[in-house]
Structures are given as structure tokens and as C-alpha cells.
Amino acid sequence: MTYRSIFVHVDDAESCARRLGVAARLAQKYPAELLGGYLVPSGRVTAYASAVMGPDGVQQWFRHTAEARANAEATFRAAGAAAGVTNLVWEAPRTDPIDAAVLYSRYADLAVIGQPARGEPTEDFMTEIANAVVMSCGRPVIFVPSVGEYRTVGERVLIAWKDSQESARAVADALPLLKGAKEVSAVAITPAVDESARSRFTDDQLAGFLRRHDVDAKVQRIVAPDIDAGELLLSRAADFGADLIVMGAYSRPRLTELIWGGVTRLMLTSMSVPVLMSH
């Protein structure tokens with residue numbers, strides 16, 4: 001198992017360069033085709049906006065968007081060239097950007113998108129992409145923090161383990177990274193002291209699964225209230241020197257929509273290193 005195709009979300013944000021660097025280095029490592037999808041909140045001028053701006057305003061808007069798109073493509077290709085990636089594909093669809101993000105991710109082995117940056121004009125849009133891609137694409141997604149530098153991803157990996165479908169899926173999806181890691185640590189957080197046969201069995205099963213794939217990792221079980229689990233994971237990642245966290249992505253229904261589970265939401269808003277999530 002390996003990654004042969006990687007999708008990376010490209011936009012006009014300053015933080016885009018970080019996720020391009022991460023995606024390009026991963027594409028060079030495996031190696032993989034790198035698909036850059038230019039997806040921004042709006043690529044259309046409505047009839048109302050056209051009437052308000054007038055012909056000159058509309059033409060100026062089209063020139064501005066064309067220039068932004070060309071600059072984004074140049075940045076994408078430069079990142080690929082810097083990492084030594086030769087198999088680059090560029091897409092700038094005119095369709096709905098959220099649907100396109102899900103589609104590109106679904107037919108790649110791995111998706112790389114940015115952390116929704118709090119306070120930025122595109123925060124809501126990036127949050128919508130994050131939710132749609134993780135919950136609907138059926139592929140692993142690496143979130144790259146909006147700040148910081150990440151020259152390595154996957155050398156020291158912290159697994160946030162839980163006996164669940166989402167967590168098991170994330171571990172399996174991350175195997176190419178785990179197999180190439182220098183060190184892997186798995187942490188199971190439980191809200192109360194749990195010495196049950198099931199907990200010991202699941203911890204041992206995870207260690208055995210990884211060992212069969214030539215990944216040496218010991219599962220450590222830590223007691224902490226649910227409310228503190230996310231903060232504890234971030235603390236453990238810092239202590240371990242992790243450059244990647246692997247975890248399941250959890251949501252819960254609220255009427256007709258999904259909202260992030262508590263730990264998932266905290267990791268998305270407060271991540272200090274890239275995070276691979278699967279649902």
C-alpha cells in the first residue's frame with residue numbers, strides 16, 4: 001500500500017504555501033501524482049453584482065480573478081518543481097468549489113487541505129471544505145496548520161487511538177506514513193480508569209496490527225476527562241516531538257446537519273502539527 005495520487009487544495013491565502021510544500025514533499029516521497037485544485041469561494045458574477053459594478057467593473061473583476069488564478073498556478077508549479085515532482089496536474093474548475101473538493105479528494109489516495117484559520121475572511125469557506133471533504137470523500141485527509149513551518153511530516157507520528165471505526169480507518173489509511181516513520185507512539189485516552197479485558201485486547205490488537213505491517217508502536221492508555229482529551233493530545237504530541245498526528249474524525253448529528261465532535265473540533269482549531277484524519 002502506498003500513495004500514488006495526492007490532491008492539494010490551492011487558493012490565494014498566504015498559508016497555501018505551507019500546504020503546497022507539505023503536499024509536494026509527500027508526492028516526491030512515494031512518488032505520487034500531485035493534483036492542485038484551485039478552489040475559492042466564488043468564481044462567478046451574479047446578475048445583481050454585474051448591474052451594480054457595471055461593464056467596466058465586471059471586466060476589472062475578471063482581470064483580477066484571472067491574475068489570481070495564474071499566480072496560484074505558478075505557485076503550485078514552483079512548489080512541485082522545488083520538491084522534484086514531475087507529475088503535476090492543475091485544475092481550476094468553474095463548478096461548485098465544495099463539490100469539486102470532495103470529488104478530487106475521493107479519487108486521490110490522500111488529500112491535503114488547510115486548517116480553517118480563525119478570523120480570516122475565508123474561515124467559513126475553509127470550514128465548509130474541511131467538513132465536506134473529511135465526511136464525504138472516503139479518503140484520508142491531512143490538515144496543515146495555517147501557521148508554522150513543517151519541513152518533515154511523518155517522521156515522528158502520534159496515533160490518537162480509540163476503539164472505533166473512525167480510528168481504525170485512520171490508522172489503516174496512514175500505513176504508508178507509519179511504515180516510513182522513524183518512531184510511532186499510540187495513545188488511548190479514556191475518561192476513567194479502564195483495566196477491562198476489552199481495553200487490553202483492543203490496545204494489544206492495535207499493536208499487533210501495526211507490528212504485522214513492520215511498524216513498532218506501543219499503545220499507552222491515559223486517564224483524562226473527555227473535555228481535556230484534545231488538550232492532552234496536543235501536549236503529548238509536543239512532548240513526543242510529533243510532526244504528524246493520526247486520528248479518526250468524529251461528528252454528531254444536530255437536526256439536519258453534522259457538527260464536529262469535541263476533540264475533532266479542538267484539533268482543527270488548535271493543531272500545532274499536521275493532522276491526518278479519516279472518517
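Two strands count as paired here if DSSP finds at least two bridges between them. Keep that in mind for what follows, since this is a predicted model and much of the tour goes from strand to strand.

**The chain as a whole**

You're looking at 279 residues, with 49% of them buried. The chain has nine helices and 12 strands. If you take the contacts with a separation of 6 or more, 79% of them link residues 24 or more positions apart. The accessible surface is about 13900 Å², and carbon and sulfur atoms supply 51% of that.

**Around strand β9**

Let's start with β9, residues 244–248. Five of its five residues are buried, so the rest of the structure largely encloses this strand. Leu244, Val246 and Gly248 point one way, while Ile245 and Met247 point the other way, and all are buried.

Who are the partners of β9? On one hand there's β6 (residues 156–161), which pairs with β9 in the parallel sense over three bridges. Within that pairing, Ile159 has Val246 of β9 as its bridge partner. Then there's β12 (residues 275–278), again parallel to β9, this time over four bridges. Here Gly248 has Ser278 of β12 as its bridge partner.

Ile159 turns up again if you look at Ser185, a residue of strand β7 (residues 183–190). Setting aside neighbours within four places in sequence, Ser185 is in contact with Val157, Leu158, Ile159 and Phe240. Is Ser185 buried or exposed? Its relative accessible area is 16%, and buried means under 20%, so Ser185 counts as buried.

**Around strand β1**

Now hop over to β1, residues 5–10. This strand is mostly covered, with six of its six residues buried. Ser5, Phe7 and His9 point one way, with Ile6, Val8 and Val10 pointing the other way, and all are buried.

β1 runs parallel to β2 (residues 33–38), and six bridges join the two. One of the facing pairs is Ile6 with Leu34 of β2. To get from β1 to β2, the chain passes through helix α1 (residues 16–29), making a right-handed β-α-β crossover. β1 also runs parallel to β4 (residues 110–114), joined by three bridges. In that pairing, Phe7 stands opposite Ala111 of β4.

**Salt bridges**

Side chains of opposite charge can pair when their charged atoms come close. The count for this model is seven salt bridges, and the table shows three of those pairs.

| Pair | Closest N to O distance |
|---|---|
| Asp11 and Arg19 | 3.4 Å |
| Arg18 and Glu14 | 3.2 Å |
| Glu73 and Arg77 | 3.0 Å |

How do these residues sit with respect to the surface? Asp11 and Arg19 are both buried. The Arg18 and Glu14 pair is mixed: Arg18 is buried, with a relative accessible area of 16%, whereas Glu14 is exposed at 59%.

For the Glu73 and Arg77 pair, both ends are partly exposed: Glu73 has a relative accessible area of 25%, and Arg77 comes in at 35%. These two belong to helix α2 (residues 47–83), and because they are four residues apart there, about one helical turn separates Glu73 from Arg77.

Definitions and conventions: Residues are numbered from 1 along each chain as its sequence is written. This is a predicted model: local features need pLDDT of at least 70, side-chain atom pairs count only at pLDDT 80 or more; totals for chains, interfaces and linings use all residues. Side-chain values use heavy atoms; hydrogens and water are left out. Buried means under 20% relative accessible area, exposed over 50%, partly exposed in between (1.4 Å probe, protein chains only). Contact means heavy atoms within 4.5 Å. Accessible areas come from the Shrake-Rupley method with a 1.4 Å probe; for residues, only the protein chains shown count as cover. A salt bridge is a side-chain nitrogen of Lys or Arg within 4 Å of a carboxyl oxygen of Asp or Glu. A crossover is right-handed if, with the strands pointing away from the viewer, the path from the first strand over the helix to the second runs clockwise.
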